[in-house]
Amino acid sequence: MAVGSLYALIALGYTMVYGTLKFINFAHSTVFMLGAWGSYLLARSFGWTESGVEIPLIAPLLILPTVMVACSLLGFIVERVAYRPLRKAPRLNVLITAIGVALLLENTAALDASTLKIGKDWLTVQVPRLVGTQPQSMPSLIPNETVWQITGEPATDVAPGTGVALQLIDVLIVGTAATLMIALQWLVYGTKLGSAMRAVSQDMRTASLLGINVDRTISFTFVVGSALAAAAGFLFAIKYSGLNQPSHPTWVLLGLKAFVAAVVGGIGNIRGAVVGGLLIGFIELFGAAYLSAHLRDLYVFSILIFTLLAMPAGIFGKATIEKV
Amino acid sequence: MNSNDKPPMWKWLLKGYGPFLIFFLIALGVYHVPVAAVGEYNLKIYTMACIAIVMAVSLNVVNGYTGQFSLGHASFMAVGGYTSGFVTYYGSFKLWGDTQIHGGLLGSGDWLFFGSMIAGGLVAAAFGWLVGLPSLRLRGDYLAIVTLGFGEIVRVILQRSSRVIYDAEKVAETPVISFVNAEKKTELGGLVTHIGGTIGFDGLPKYTNLFWVTFVALAVIFVCYRLKASIHGRAFIAIRENEIAAEAMGVNTTKYKVRAFVIAAFFAGIGGALFAHEQATLLNPRELGFQRSLDYVIMVVLGGMGSISGSILAAIGLTILPELLRSVEQFRMIVYALLLIIVMIWRPQGLFGIYEIWELPWLRRLVGRIFGRRPKQ
């Protein structure tokens, strides 16, 4: 459930961008990664990464909004600089630009402290250390407590650790994710900006004819998507404290799975993304638990292929008939 | 056309297969380039560039000519590479009892390698057919996502294979059938043989040399170029331009889409075989994942969709560029990414668009001005 809601949060960003611009935003998983690492950097700047430091309970409430705001700013800048000039270009180009942006962000984040010299002494730049190339461990901001536990048969034949244990952290993750999703639901279906977003995703030209500022709406889509990805990154960081270095393939893989979730749910469809995320999370975990843990990636991608073969537009997607 | 107009057999053969003879001679020439004069590092880059050319040009058949979007080209490469690696590695054991290189240029070992390349290509082509089938139902991005998913599945399955058998005696006493892995039978890994799992397939004989990369690269370029002008190529391009119109003109679009996938996968398999025997010490499933597929897509788009010379130049450029940028160390990938973004914004249609280099309008005008001829319209 917790993993599923993480996937769902990331999938929302993919699905929103795809809905409006019709391209796969490969930089999205990078934003997610930066969200996770940004939480770590913030925690470090407060000195919470040292062992034995008392972490105030307010910490998550402090970090989460900061990371979300920072990442949405980043999403805004990326859209403005890299994607907007390509609004009329073929979609493949935008896709490749997205790959370029992802590479750029990843490797910028991975910079280590060093001195860059261009020419001999023509230009010397001191490069600060950002994330670096080492995996780090996130401090546990949430106390590791079990909220609720069901054990099947009492004592004897139940091995320790079996039964269902509900961790506080999982409850918080699901709760945060659900809150954000409800907020998004309200934003998209209950506000003027939301109806502008939906109009742009249906038909960009007609929307602009009707007086909607298309560029601003698209920017806003990116801002919201990036904020959701950042939130997912933060939740990921507090759940799995080990953070891999920025260019590690696990980040891309997580992003890909979230994207698969968006596709399975019917890309461009917000409720579909949530359902798809939860579905992928469930299938992955149950497959890993009952079949084989090594093949978890396989389940996800097989689900993708079978869903698409059976329902070419995803579960909630509308099949469109191409007209001449 | 009257059947009497047909050119005589020898002319026809020469025109069709003569170029391969020339490629063979060129490749022989390249093979004899002294290593000391050029430097081993440069030769390595040359080899990698040739493999990149094979991959980019073959991907161009699917992405460029047919306009289908494949994000799983490296998985065909993996399938071909592993198949051919399996054939040469265990084949060598069965034939000679070790994995040394046997025979010199075009010696017995080279023929084994050639056979394994073809085998790798064929198996990859079979997978290409398998992936091409969904394109009956899926369009555009969905197809891309399925090819991507397929690539990831290939990677996971390859990673679940078990370790390579290094011992000659053990290989000799293992019957071919039991190469199906017994110890991991409970999992899907049982389907895959001893090809190294996550650590990679090591100990492959290093058969890929200057002769093979040159010959294969030239042959693939030639075949793909001829393909473009053939009846198949025209059908591919018709599908790219407008699928519905192509269908209305009597092009069997599904058949040709699958055909494009099969052809591209075949060449990708051969490229994979070259890659596998180039690495020699390590062939790793992770190397051939999603990132590498993206690299080839970048080459095709950068060169211009459907432009072979564009793909070739992009493949060479994108192989050399990261090497040139080694001097700026950790900023290498940042510079690379920036260049990519800038080129895409500045020249969205790729370097050459849909033209070949000699078809570029401005180049023709320039040449016409220099040599005093009027440019052909």
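This note goes through the predicted model of chain A, from its overall make-up to its core and one surface patch.

1. Overall make-up. Chain A has 324 residues. Its secondary structure consists of eleven helices and six strands.

2. Burial and surface. Half of the chain, given as 50% of the residues, counts as buried. The area that chain A exposes is about 15400 Å². Carbon and sulfur atoms supply 64% of that area.

3. Contacts along the sequence. Take the contacts in chain A between residues at least 6 apart in sequence: 67% of these join residues at least 24 apart.

4. The core. The largest nonpolar core has 199 residues. Inside this core, the residues with the most contacts are A:Leu9, A:Leu12, A:Phe26, A:Tyr83 and A:Leu184. Helix α8, residues 214-239 of chain A, gives the core its largest share, 15 residues.

5. One core residue in detail. Which residues does A:Leu184 touch, leaving aside its neighbours within four places in sequence? A:Leu184 is in contact with A:Leu12, A:Met16, A:Val224, A:Leu228 and A:Ile270. One of these partners, A:Leu12, is itself listed among the core residues with the most contacts.

6. The surface patch. A nonpolar patch of about 370 Å² lies on the surface. A:Val275, A:Leu279, A:Met311, A:Ile315 and A:Phe316 make up this patch.

7. One patch residue in detail. A:Leu279 belongs to helix α10, which covers residues 270-290 of chain A. Is A:Leu279 buried or partly exposed? A:Leu279 counts as partly exposed because its relative accessibility is 32%, and buried would require under 20%.

Key: Residues numbered from 1 in each chain as written. Chains lettered and ligands numbered in written order. Predicted model: local features only at pLDDT ≥ 70, side-chain atom pairs only at ≥ 80, totals over all residues. Heavy atoms only, no water. Helix = DSSP H or I, 4+ residues; strand = E, 2+ residues; numbered from the N terminus. Buried < 20%, exposed > 50% of the residue type's maximum accessible area, 1.4 Å probe, protein only. Contact = heavy atoms within 4.5 Å. Areas by Shrake-Rupley, 256 points an atom, 1.4 Å probe, with all protein chains shown as cover. Patch = residues over 30% accessible without salt bridge, like charges linked within 9 Å, V, L, I, M, F, W, Y side chains within 5 Å. Salt bridge = Lys/Arg side-chain N within 4 Å of Asp/Glu carboxyl O. Core = buried A, V, L, I, M, F, W, Y, C linked by side-chain atoms within 4.5 Å.
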